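Student: I would like to learn how to read a fold feature by feature, starting from a single residue and working outwards. Could you take me through one example in that way?

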Amino acid sequence: MKKYALFSLYDSNNIVELSSILIKKGWNILATEETVSVLKSKNIAVENIKDFTGVDDNYGFPPTLHPKVEYALTDNECNYRIDIVFDIPYPLEKGLDIGGHTLLGLAIKGNRTPVTDNNDMIRVVDQINKKDFISESLKKELQEKAIIKIIN
């Protein structure tokens, strides 16, 4: 089974270093358009979320809201399971980031690891780099933080 980390970021600081470590540890990187551009410019292997879903048309909603993404985040038997969602939603003054908040909610629903800031992503990648897994305690802590992020 492939291990996927999905990156949907308003702030892409540290993304090159963090995704490089994940790739070395056997992870596949999925990303939204802006993050794909950043990673490809640094020759980092990344799959555009549009290619993952197989939908290139613009329907006026984020491609991360596609049912295939929901399935990959919530079904444990899925062979293209997304286990980490690194989502930094854009600030409220730019609008309500429904796609970002939905991704975080789906990650929690599927008992995945939702990450909402750069410092926590560094912690997650560091743990994967050292132990090859994410501890249940860290995952639960990040799920609680994501719930707070969603409701605020």
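Student: Which residues does F7 touch, not counting residues up to four places away in sequence?

Tutor: Leaving out the sequence neighbours shows what the fold itself brings together, and in this predicted model F7 touches I15, L22, I29, L30, A31, T32, T35, F86 and M121. F7 also belongs to the largest nonpolar core, which has 24 residues, and F7, L22, I84, F86, M121 and V124 are the ones that touch the most other members.

Student: Which elements give two or more residues to this core?

Tutor: The contributors on that criterion are β1 (3-9), α1 (15-24), β2 (27-31), α2 (33-41), β4 (82-88), α6 (118-131) and α7 (136-151), and the largest share, four residues, comes from α6. A second core, separate from this one, has 17 residues, with I49, A72, C78 and I82 among them.

Student: How should I place these elements within the chain, and in what order do the elements run from the N terminus on?

Tutor: The order is β-α-β-α-β-α-α-β-α-β-α-α, which comes to seven helices and five strands. With a radius of gyration of 14 Å, close to the 15 Å that the globule rule gives for 152 residues, the chain is as compact as a globular protein of that length. Taken along the principal axes, the C-alpha atoms fill a box of roughly 40 × 35 × 30 Å, and buried residues make up 44% of the chain.

Student: What share of the contacts between residues at least 6 apart in sequence joins residues at least 24 apart?

Tutor: That share is 60%. One pair with a comparable spacing to look at is N28 and K3, which are 25 residues apart in sequence while their C-alpha atoms are 5.9 Å apart in space. N28 is in strand β2, and, with its neighbours within four places set aside, N28 is in contact with K2, K3, Y4 and A5.

Student: Is N28 buried or exposed, or does N28 count as something in between?

Tutor: N28 counts as partly exposed, because its relative accessibility is 25% and the buried class is reserved for values under 20%. V36, in helix α2, counts as buried because its relative accessibility is 6%. V36 touches A31, V46, E47 and N48, again not counting residues up to four places away, and V36 and E47, eleven residues apart in sequence, have C-alpha atoms 7.3 Å apart.

Student: Let us turn to the backbone. What is the sign of phi for most residues other than glycine?

Tutor: Most residues other than glycine have a negative phi. Against that background, N43 deserves a look, since N43 is not a glycine and yet has a positive phi of about 60°. N43 is found in the loop between α2 and β3 (47-48), and N43 is exposed, with a relative accessible area of 73%.

Student: Where does N111 lie, and what is its phi?

Tutor: N111 lies in the loop between α5 (98-109) and β5 (113-115), and N111, which is not a glycine either, has a positive phi of about 60°. At 32% relative accessibility, N111 counts as partly exposed.

Student: To finish with the surface and the charges, how many positive and negative side chains does the chain have?

Tutor: The chain has 19 positive and 22 negative side chains, and the centres of the two sets lie 5 Å apart. The accessible surface comes to about 8000 Å², of which 49% belongs to carbon and sulfur atoms.

Key: Residues are numbered from 1 along each chain as its sequence is written. This is a predicted model: local features need pLDDT of at least 70, side-chain atom pairs count only at pLDDT 80 or more; totals for chains, interfaces and linings use all residues. Side-chain values use heavy atoms; hydrogens and water are left out. The radius of gyration is taken over C-alpha atoms; the globule rule is 2.2 Å times the number of residues to the power 0.38. Buried means under 20% relative accessible area, exposed over 50%, partly exposed in between (1.4 Å probe, protein chains only). Contact means heavy atoms within 4.5 Å. Accessible areas come from the Shrake-Rupley method with a 1.4 Å probe; for residues, only the protein chains shown count as cover. Lys and Arg count as positive and Asp and Glu as negative; His and the chain ends are not counted. The place of a charge is taken as NZ of Lys, CZ of Arg, CG of Asp or CD of Glu. A nonpolar core is a set of buried Ala, Val, Leu, Ile, Met, Phe, Trp, Tyr and Cys residues joined through side-chain atoms within 4.5 Å.
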